Amino acid sequence: MTQLKAVIFDVDGTLAETERDGHRVAFNLAFSDAGLDWNWDEELYGKLLAVTGGKERIRYFLSEFNQGFQCDGDLGQFIASLHAEKTKHYVTLLESNAIALRPGVVRLINEIRERGLRLAIATTTTPANVTALVTNTLGAEALNWFDCIAAGDIVPAKKPAPDIFDYCLEQIGFNADECLVFEDSANGVLSSCGANIPTVVTLNNYTKDDDFSGAVTVLDHLGEADLACTVISGKKISGSFVTVDDLKQLHAQ
Ligand code: XBP
Ligand code: MG
């Protein structure tokens with residue numbers, strides 16, 4: 001049987017609930033700076049999350065929800081510069097400690113390191129956003145805990161395509177069956193399962209009705225000693241919070 005060697009984390013929605021109070025807010029600030037009257041409220045943002053990638057999401061918004069918008073110059077350039085401003089706002093938001101890591105994330109990452117397993121990140125978001133989240137929650141030195149931080153435009157086809165996980169595997173030098181992924185969304189699971197990596201889901205409000213077929217197990221969160229997690233579907237865990245022994249069990253099944 002193949003042994004579990006590495007754990008790969010998705011970022012948005014998995015490490016932290018960044019979408020509603022982080023990315024969405026940053027998009028709206030960038031729109032307002034640019035003199036646009038666009039407002040992505042919580043409900044609309046939930047629909048826009050169907051498309052991964054901030055630049056791709058803006059394009060999707062224009063094609064599906066704001067067809068009347070006329071861009072004076074090149075639309076691709078316009079979106080890219082709007083998105084660059086959004087990234088600045090997002091990083092500033094994280095610097096004010098606006099977003100914490102989800103329950104159990106710090107605990108499990110520490111245990112993964114103590115038990116000698118490797119860590120990596122595979123995300124659609126922009127690299128600067130990952131740096132900001134990790135630095136402002138775990139500390140700058142934590143960036144070195146991850147053998148690979150695969151992010152953003154490093155692959156042209158974003159999730160649900162498997163490319164970002166394929167790229168990550170290549171960088172860390174493990175086979176898909178030696179790894180386990182944590183994801184929060186259907187697009188994420190399609191991507192990780194497309195790369196043949198066993199996947200555990202910790203869902204959130206935006207993804208609670210997603211189709212997670214293919215995932216090994218679906219939980220509400222990772223749990224803490226004083227905050228039990230719930231298995232929503234799939235394989236059970238041994239106690240009330242996810243441990244490395246659970247990961248080994250889930251991986252072996
Ligand atoms: C989530 C995404 C990203 C973020 C926004 O990525 O799809 O697009 O919503 O970040 P994941 P950017 O769940 O894979 O971490 O604006 O930088 O794309
Ligand atoms: Mg995600």
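Visitor: What do the buried residues of H3 pack against?
Guide: Helices here (H or I, at least four residues) and strands (E, at least two) are DSSP runs numbered from the N terminus. Buried means under 20% relative accessible area, exposed over 50% and partly exposed in between, with a 1.4 Å probe and protein chains only; contact means heavy atoms within 4.5 Å. On those terms, the partners of H3's buried residues are H1, helix H2 (42-48) and helix H4 (75-95).

Visitor: Any ground rules before we go on?
Guide: This is a predicted model, where local features need pLDDT of at least 70, side-chain atom pairs count only at pLDDT 80 or more, and totals for chains, interfaces and linings use all residues. Residues are numbered from 1 along each chain as its sequence is written, chains are lettered from A and ligands numbered from 1 in the order in which they are written, and side-chain values use heavy atoms, leaving out hydrogens and water.

Visitor: Back to H3: within what arc do its buried residues fall?
Guide: Helix H3 (residues 54-64) buries Gly54, Arg57, Ile58, Phe61 and Leu62. Take the directions from the helix axis to the C-beta atoms, which define the arc. Those residues line one face of the helix, because they fall within an arc of 140 degrees.

Visitor: And what is the strand order in the sheet?
Guide: Strands pair if DSSP finds at least two bridges between them. The edge strands, pairing on one side only, are S3 (146-151) and S7 (231-234). The sheet is open, with seven strands and mixed pairing, in the order S3-S2-S1-S4-S5-S6-S7.

Visitor: Which residue stands opposite Thr217?
Guide: Look at S6 (residues 217-219), which runs antiparallel to S7 and is joined to it by three bridges. There, Thr217's opposite number in S7 is Gly234.

Visitor: What angle does the direction of H9 make with that of S4?
Guide: Helix H9 (residues 244-252) packs on the sheet, touching S1 (6-9), S4 (179-183), S5 (199-202) and S6. Axes are lines fitted to C-alpha atoms, for helices over the stretch in contact, and angles run from 0 to 180 degrees between N-to-C directions. For H9 and S4 that gives about 105 degrees.

Visitor: How many residues apart in sequence are the parts tied together by Asp12 and Asp184?
Guide: Donors are N, O and S atoms within 2.8 Å of the metal (3.2 Å for Na, K and Ca), and water is not among the atoms, so sites may look incomplete. The magnesium ion (ligand 2) has Asp10 (OD), Asp12 (O) and Asp184 (OD) at 2.1 to 2.2 Å. Asp12 lies in the loop between S1 and H1 (19-33), and Asp184 in the loop between S4 and H8 (186-194), so the separation is 172 residues.
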